[in-house]
Amino acid sequence: MIKVSNIERFATHDGPGIRTTVFLKGCPLHCPWCANPETWSVKPVLMHDERKCVRCHSCQMTCKEEAISFDPVFHLDVSKCTVCGRCVEVCLPDALSVNGKDMSIDEIISEIRKDDDYYRNSNGGVTLSGGEPLFQFEQSLKLLKELKKNGYHTALETTGMYSLDKLKRAEEHVDLFLFDFKHPDPDRLREVTGGDYETIVTNLEYLLEKCPDKVILRTPVIRDFNRDEVEKIIRWAAERKVREIDLLPYHSLGKNKWNDLGREYPYEGYPLMDKSELNEYKALGESLGIKVKIGG
Ligand code: SF4
Ligand code: SF4
């Protein structure tokens, strides 16, 4: 069994063609702009959508752990909640949900099979994302092997935060690495995301040496974090013969999920970034022999 956050069909930004993206639970990082914070914990999490809630208090009356209170809005005491799901069953407007379920590899593959025609006609395939898709390593490896056995093109949207040994075991089953590179300064990277520069760069350099065609670098561009480092990142990548970088301008798509988890969104009120702000880096990349795409 592998812990799955979500399976998204008809994805078009997670690799070539039309794809199914399997979002797996668990992440070693905690980026404050994360669009999928519900994947951080490998365990299931209860989510509450305040916009749907009619404050009927049925959930509170159902919860034996007394984890729910209203002051006057819904409040969850995460330390008391066992994620039993009873409150979800009584919530008629579907304001409550549990994110994270155990699925067998066969169940995931049969979900993926539904769109075989689309993958074939568009040169698409399957992307594993998260969270960090290799966080549940042995299960993820089994899934990758099974996907390849069934003839699917496989992509991995990855933080690079795992041992080189694990990467070496997974690499042959992955056709494309969408590899996050967030900041060239190890201290800043650790301070903001919890990522370890040494580990990530060791893995990235291994891939660039062994299979450069299989690597696309991905950099979320965030003001106050790495907006002023983009040029440095492109030059850094050029030195290492990276072939393509996708610059992903900051968006606030994860905001509601932060709220649904009862967490304060760190970028509340923060201006969105226009793609055109990053145009100048396309030319720079081309002059250095790197394809630069803005957006995924
Ligand atoms: S049961 Fe649902 S709608 Fe009613 S108060 Fe709880 S979360 Fe809100
Ligand atoms: S999931 Fe269970 S323990 Fe958690 S708030 Fe709902 S009823 Fe209570």
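1. Glu66 sits in the loop that runs between helix 1 (58-62) and strand 4. The model is predicted, so read the backbone angles below as computed values. Phi of Glu66 is near 55 degrees. That is a positive value, and the residue is not a glycine. Glu66 counts as exposed, because its relative accessibility is 61% and the cut-off for exposed is over 50%.

2. Asp94 also deserves a look. Phi is positive here, about 60 degrees, although Asp94 is not a glycine. Asp94 lies in the loop between helix 2 (86-90) and strand 6 (96-99). Its relative accessible area is 52%, so Asp94 is exposed.

3. Check the peptide bond from Asp71 to Pro72. This bond is cis, with omega near -5 degrees. Pro72 belongs to the loop between strand 4 (68-70) and strand 5 (74-76).

4. A cis bond also runs from Gly130 to Gly131, with omega near 5 degrees. No proline takes part in this bond, which joins Gly130 to Gly131. Gly131 is in the loop between strand 8 (125-129) and helix 5.

5. Now the ligands. Around ligand 1 there are 13 residues. Those that come nearest are Cys53, Cys56, His57, Cys59 and Cys91. By class, the shell of ligand 1 holds nine nonpolar residues, three polar and one charged.

6. Ligand 2 has its own set of neighbours. Cysteines in this set are Cys63, Cys81, Cys84 and Cys87. The other residues around ligand 2 are Leu46, Glu65, Ala67, Ile68, Leu76, Thr82, Val83 and Gly85. The shell divides into nine nonpolar residues, two polar and one charged. Cysteine is counted as nonpolar here.

7. On disulfides, the structure has zero. Cys27 is in none; the nearest cysteine sulfur belongs to Cys31 and is 6.6 Å away. A disulfide needs the two sulfur atoms within 2.5 Å, so this pair does not qualify. Cys27 is buried, because its relative accessible area is 16% and buried means under 20%.

8. Last, the helix pair. Helix 5 covers residues 137-149 and helix 6 covers residues 164-171. Their axes come within 10 Å and cross at roughly 15 degrees. Helix 5 and helix 6 are therefore roughly parallel to each other, as angles under 35 degrees count as such. The crossing of helix 5 and helix 6 is right-handed.

Key. Residues are numbered from 1 along each chain as its sequence is written. Chains are lettered from A and ligands numbered from 1 in the order in which they are written. This is a predicted model: local features need pLDDT of at least 70, side-chain atom pairs count only at pLDDT 80 or more; totals for chains, interfaces and linings use all residues. Side-chain values use heavy atoms; hydrogens and water are left out. Buried means under 20% relative accessible area, exposed over 50%, partly exposed in between (1.4 Å probe, protein chains only). A residue is near a molecule or strand if one of its heavy atoms lies within 4 Å of it. Axes are lines fitted to C-alpha atoms, for helices over the stretch in contact, and angles run from 0 to 180 degrees between N-to-C directions. Helices (H or I, at least four residues) and strands (E, at least two) are DSSP runs, numbered from the N terminus. Angles under 35 degrees count as roughly parallel, over 145 as roughly antiparallel, 65 to 115 as roughly perpendicular and the rest as oblique. A crossing is left-handed if the near helix is turned anticlockwise from the far one by less than a right angle, and right-handed if clockwise.
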